[in-house]
Amino acid sequence: MRIAAVVHNEVRHDARVLKSASTMKARGHDVRLFGLTAGESESFSLPNGIPVRLEHRDLSDRTPRIVREQLPRGRDSAIWTSFRIQGETVFQAVKAEFVPDIVHIHDHLALAAAGLYKEAFDCPLIWDAHEIYEDLASIEDVRAVVNARIIEQNAGHVDGFVTLNRSIAQFYREQYASLPEAVLVPNAVERVAQTSYDGRLHAAAGVEPGQKILLFQGGFSPHRGIPNLLEAAALLDEQWTVVFMGWGKLEEEIRAVAEETSSRPAGRPRVAIVPGAPQDELLSWTAGAALGAIPYENTGLNHLYCSPNKLWEYPAAGVPILATDMPEMKHKIETHGIGFTVGRELDPREIAAKVNALTDDELATLALNCGSFADVDNWQRYESRLEGLYAKLAGPPTLDEPRRAHDAAVPTAGDGRGAPEDLPGDSPAREEGLLQRVSAGIARLFTGK
């Protein structure tokens with residue numbers, strides 16, 4: 001098959017996009033990635049040979065287009081037009097490159113051009129929803145409504161729907177009846193052999209080799225519990241250092257705390273900060289931690305139901321997890337014994353007390369469980385679901401095609417085949433207050449009330 005995978009970013013750091021494309025490339029398909037960049041347009045190939053085309057994100061026509069289309073003045077028209085321009089830019093890149101048999105759309109912005117793909121190529125569309133876009137953390141109301149508008153207007157073009165877990169699948173099923181039944185493909189990491197730790201994280205953070213590290217890795221964004229971790233750091237025993245590895249808006253806030261004068265001995269700082277690691281080296285850095293933090297704040301459905309990459313990245317490196325007790329994360333952590341959770345208020349005193357109380361034996365047991373978890377719950381386990389969806393949408397193979405596992409059943413949110421631990425008995429997608437708020441926003445979009 002000729003597969004066009006499209007997304008609104010620069011591709012290189014989007015682990016989910018890269019894994020999905022690699023899976024289909026490894027099965028012999030012609031996979032090409034298309035995205036956007038703030039810089040100059042460019043073409044390159046990934047190490048596995050997948051070609052990537054990035055188009056310059058040019059929004060200079062936004063205001064003239066609003067005028068041409070006689071849209072009302074305001075931020076909603078600006079966002080709506082900006083998203084459409086970007087989606088169309090990626091579409092034009094695909095159209096100039098080749099005629100795909102299937103288009104795999106990642107996230108919501110690229111979905112704005114779904115109708116154009118259907119009209120130009122008349123091929124099946126897969127939509128991969130990485131998040132709940134109407135209720136992202138701290139999203140402004142107008143952007144939430146525009147995001148919902150994109151999904152509502154394009155859901156009917158979608159032939160195959162992929163998302164992360166049962167809670168998010170249930171949300172989309174309730175909000176967008178025209179979407180197909182969801183195929184659950186979590187953010188699991190690829191199975192890798194765990195190697196011995198070489199000391200790189202300790203060296204970069206400036207901590208002595210025996211120091212225990214509580215690691216936060218990823219984007220330094222608001223609503224990820226970073227201020228709470230910084231407060232907890234002041235309450236941790238001297239054997240613990242909180243290390244932040246990544247980049248983002250809160251970097252200066254973290255750096256200021258890291259540079260504060262401390263009475264602690266040299267090599268045992270309260271807080272340290274190091275740059276983000278390349279994706280292909282990430283686990284080698286992560287392996288230096290004694291504990292990995294996912295302290296997301298309960299700000300919207302997207303955080304409430306999240307199951308981020310780190311939920312698999314930490315265990316793959318042999319590192320137990322400290323996370324907020326969001327239902328999907330809590331279920332995975334408790335089912336496999338790979339860490340512990342703290343309350344959604346993220347009280348720094350509770351965080352510090354639980355970390356300080358951990359014994360070496362308890363950490364060793366949790367780390368052992370992480371190894372077992374990584375062996376059984378990884379990307380290789382779930383990629384057959386993606387393959388099955390492609391096969392189902394592509395139709396029966398021709399006489400010239402080798403017959404693959406074409407008729408294999410595709411696990412969905414409804415049947416639960418293949419991974420019982422992804423389907424908690426009580427679906428947590430029942431936070432009525434938040435659901436009502438999102439539903440009201442969508443209703444305002446169409447009624448104006």
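In what order do the strands of the open sheet of 6 strands run, and with what pairing? Let me start there. The order is β11-β10-β9-β12-β13-β14, and the pairing is parallel. At the edges sit β11, residues 271-275, and β14, residues 339-342, each of which pairs on one side only. Going from one strand to the next, the twist averages 25°.

Before I go on, a word about confidence. What you have on screen is a predicted model. The mean pLDDT of the protein chain is 89, with 88% of its residues at 70 or more. The stretch to keep an eye on is residues 399-449, where pLDDT stays under 50. The model still has 100 contacts beyond four places in sequence for that stretch.

Okay, back to the sheet of 6 strands. If you want a register to check, take β10, residues 240-247, which pairs with β11 in the parallel sense over 5 bridges. In β11, Val-271 is the residue that stands opposite Val-242.

Now the helices on this sheet. Helix α13, residues 327-336, packs on it and touches β12 (291-294), β13 (321-324) and β14. The direction of α13 makes about 145° with that of β14. Then there's helix α14, residues 348-357, lying across β9 (212-219), β10, β12, β13 and β14. Relative to β14, helix α14 runs at about 160°.

Next, the other sheet. This one is also open, and it has 8 strands with mixed pairing, in the order β3-β4-β2-β1-β5-β6-β7-β8. Why does one side of β3 and of β8 lack a neighbour in the sheet? Both β3 and β8 (182-184) stand at the edges with a single partner strand each, so one side of each is left without a neighbour. Here the twist averages 20° from one strand to the next.

Where does the mixed pairing show up? Look at β4, residues 51-56. On one hand, β4 is joined to β2, residues 30-37, by 5 bridges, and those two run parallel. Gly-35 stands opposite Leu-54 in that pair. On the other hand, β4 pairs with β3, residues 42-45, in the antiparallel sense over 4 bridges. There, Ser-43 stands opposite Arg-53. The hairpin of β3 and β4 has 5 residues between the strands, and Gly-49 in that hairpin takes a positive phi near 90°.

Further along, β6 (residues 125-129) and β7 (residues 160-163) run parallel, joined by 4 bridges. Ala-129 stands opposite Thr-163 in that pair. Helix α1 packs on this sheet, touching β1, β2, β5, β6 and β7. Its direction makes about 160° with that of β2.

Hold on to α1, since it comes back when we look at the empty space.

As a quick reminder, rolling a probe the size of a water molecule over the atoms shows where empty space is left. Searching the whole structure turns up 3 cavities of 30 Å³ or more. I'll talk about the second largest, which has a volume of about 50 Å³. Which elements supply at least two residues each to its lining? Those are β1 (2-6), α1 (15-26) and β5 (102-106), and α1 gives the most, with 4 residues. The lining residues are Ile-3, Ala-5, Val-17, Ser-20, Ala-21, Met-24, Val-31, His-104, His-106 and Tyr-390. By class, that's 7 nonpolar, 3 polar and no charged residues.

Last stop, the second largest pocket. About 990 Å³ of space lies in it. The elements giving two or more residues to the pocket lining are α1, α10 (282-286) and α12 (310-316). And again α1 gives the most, with 4 residues. The lining has 36 residues, and nearest the centre of the pocket lie Gln-279, Asp-280, Glu-281, Leu-282 and Leu-283. Split by class, the pocket lining has 18 nonpolar, 10 polar and 8 charged residues.

So, to leave you with one thread to follow on screen: α1 packs on the sheet of 8 strands, gives the most to the lining of the second largest cavity, and gives the most to the lining of the second largest pocket. That's it from me.

Terms used
Residues are numbered from 1 along each chain as its sequence is written. This is a predicted model: local features need pLDDT of at least 70, side-chain atom pairs count only at pLDDT 80 or more; totals for chains, interfaces and linings use all residues. Side-chain values use heavy atoms; hydrogens and water are left out. On a 1 Å grid over the protein atoms alone, a cavity is a set of points where a 1.4 Å probe fits but cannot get out, and a pocket is an open set with protein on both sides within 12 Å along at least five of seven lines; lining residues have an atom within 4 Å of a point. Grid points are joined across faces, edges and corners, and a volume is the space filled by probe spheres set on the points. Ala, Val, Leu, Ile, Met, Phe, Trp, Tyr, Cys and Pro count as nonpolar, Asp, Glu, Lys and Arg as charged, and the others, Gly among them, as polar. pLDDT is the predictor's confidence in each residue, from 0 to 100. Contact means heavy atoms within 4.5 Å. Two strands pair if DSSP finds at least two bridges between them. Axes are lines fitted to C-alpha atoms, for helices over the stretch in contact, and angles run from 0 to 180 degrees between N-to-C directions.
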